[in-house]
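These are my notebook entries on a single structure. I record what I looked up and what I found.

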Amino acid sequence: MGTWKTRGLRGSTLEELINRTNDVYREKNLALIQKIPTPITPIEIDKASRHITLAYFDTKSTVDYIGVVQSIPVCFDAKECAVSTFPLQNLHPHQVAFMKKFEEQGGISFILLSFTSLQEIYYVPFALIARFWERMEQGGRKSFTYEEVVPESYPVRGYRDMLVHYLEPLQLDLERRDDEKES
């Protein structure tokens, strides 16, 4: 199956790979996705280099990325996991609430989750995240495993200059949602 595996870009973060992919999507008019910066207030600035050396977060950010793919509003977060268990504490309640509201407004929410030790990236639909989140809130596991997420998620592969080509799994997610509406 199409899992993403490469040795050439080790050391690059998932967000850097997604940013490069988003640039290609924009150039090819496939999607317009923007990285949402985390709002900060600088405390100290190095006058010589004009770099911020100390700052604090102003407000809680929502998700890492937001935009539109062929008239479909999307928002998603990028997460990396070094082991085969993903702690839900790496998602914040305000992020889950935002993604839920986004879906209620007709958008598509998801997470791009990189299992770094396996060199695999998955598109995890919000419905699955919501299920794990609800399980945690009801006193269950505070994490989910690779084995739990893979059967209901979509592998993300690299394709030419689209290093994290998440439009393919997005299409599969849309088809699944259409099938569920028809059932």
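**Entry 1: Asn29 and Ser71**

I began with Asn29 in this predicted model. At 66% relative accessibility, Asn29 is exposed, because exposed stands for a value over 50%. I located Asn29 in the loop between α1 (14-27) and β1 (32-35). I then read its backbone angle: phi of Asn29 is near 55°, which is positive although the residue is not a glycine.

I looked up Ser71 next. Ser71 also has a positive phi, of about 75°, and is not a glycine. I found Ser71 in the loop between β4 (65-69) and β5 (72-81). With a relative accessible area of 67%, Ser71 is exposed.

**Entry 2: Salt bridges between separate elements**

How many salt bridges does the structure hold? I noted 13 salt bridges. I examined some of them in turn.

I took the pair Arg135 and Glu148, whose side chains form a salt bridge with an N to O distance of 2.5 Å. Arg135 belongs to helix α3 (residues 126-137) and Glu148 to helix α4 (residues 146-149), so this pair ties together parts that lie 13 residues apart in sequence. Are these two partners buried or exposed? Arg135 has 24% relative accessibility and counts as partly exposed. Glu148 has 25% and also counts as partly exposed. Buried would require a value under 20%, so neither partner is placed in that class.

I then turned to Glu168 and Arg157. Their closest N and O atoms are 2.7 Å apart, and the two residues form a salt bridge. Glu168 is in helix α5 (residues 167-182) and Arg157 is in strand β10 (residues 154-159), so that the pair links distant parts of the chain, 11 residues apart. I checked the accessibility of both residues. Glu168 is partly exposed at 31% relative accessible area, and Arg157 is partly exposed at 27%.

**Entry 3: Charges along helix α5**

I stayed with helix α5 for the next pair. Arg176 and Glu180 both lie in this helix, 4 residues apart, which is about one turn of the helix. Their side chains meet in a salt bridge at 2.8 Å, N to O. Arg176 counts as partly exposed, at 24% relative accessibility. Which residues are joined into one network by salt bridges that share partners? I recorded Glu103, Asp173, Arg176, Arg177 and Glu180.

I also looked for charges that gather on the surface. Glu175, Asp178, Asp179 and Glu182 form a patch of negative charge there. I followed up one of these residues, Glu175, which I found in helix α5. Glu175 counts as partly exposed at 39% relative accessibility. A patch residue must have over 30% relative accessible area and no salt bridge, so the 39% of Glu175 meets the area requirement.

**Entry 4: Cysteines**

How many disulfides does the structure have? I noted a count of 0 disulfides. A disulfide would need a pair of cysteine sulfur atoms within 2.5 Å. I also checked the accessibility of two cysteines. Cys75 is buried, at 0% relative accessibility. Cys81 is buried as well, with a relative accessible area of 4%.

**Entry 5: Residues apart in sequence**

Finally, I compared separation along the chain with C-alpha distance for three pairs.

I looked up Arg20, which is placed in helix α1 and is partly exposed at 43% relative accessible area. Arg20 and Leu163 are 143 residues apart along the chain, and their C-alpha atoms are separated by 7.2 Å.

I then looked up Met99 in helix α2 (residues 93-104). Met99 counts as buried, at 1% relative accessibility. Between Met99 and Thr62 I noted 37 residues in sequence and 8.3 Å in space, C-alpha to C-alpha.

My last residue was Phe126, found in helix α3. Phe126 is buried, with a relative accessible area of 7%. Its C-alpha atom is separated by 10.0 Å from that of Ser153, and the two residues are 27 apart along the chain.

Conventions: Residues numbered from 1 in each chain as written. Predicted model: local features only at pLDDT ≥ 70, side-chain atom pairs only at ≥ 80, totals over all residues. Heavy atoms only, no water. Salt bridge = Lys/Arg side-chain N within 4 Å of Asp/Glu carboxyl O. Helix = DSSP H or I, 4+ residues; strand = E, 2+ residues; numbered from the N terminus. Buried < 20%, exposed > 50% of the residue type's maximum accessible area, 1.4 Å probe, protein only. Patch = residues over 30% accessible without salt bridge, like charges linked within 9 Å, V, L, I, M, F, W, Y side chains within 5 Å. Areas by Shrake-Rupley, 256 points an atom, 1.4 Å probe, with all protein chains shown as cover. Lys, Arg positive; Asp, Glu negative; His and termini not counted. Charge placed at Lys NZ, Arg CZ, Asp CG, Glu CD.
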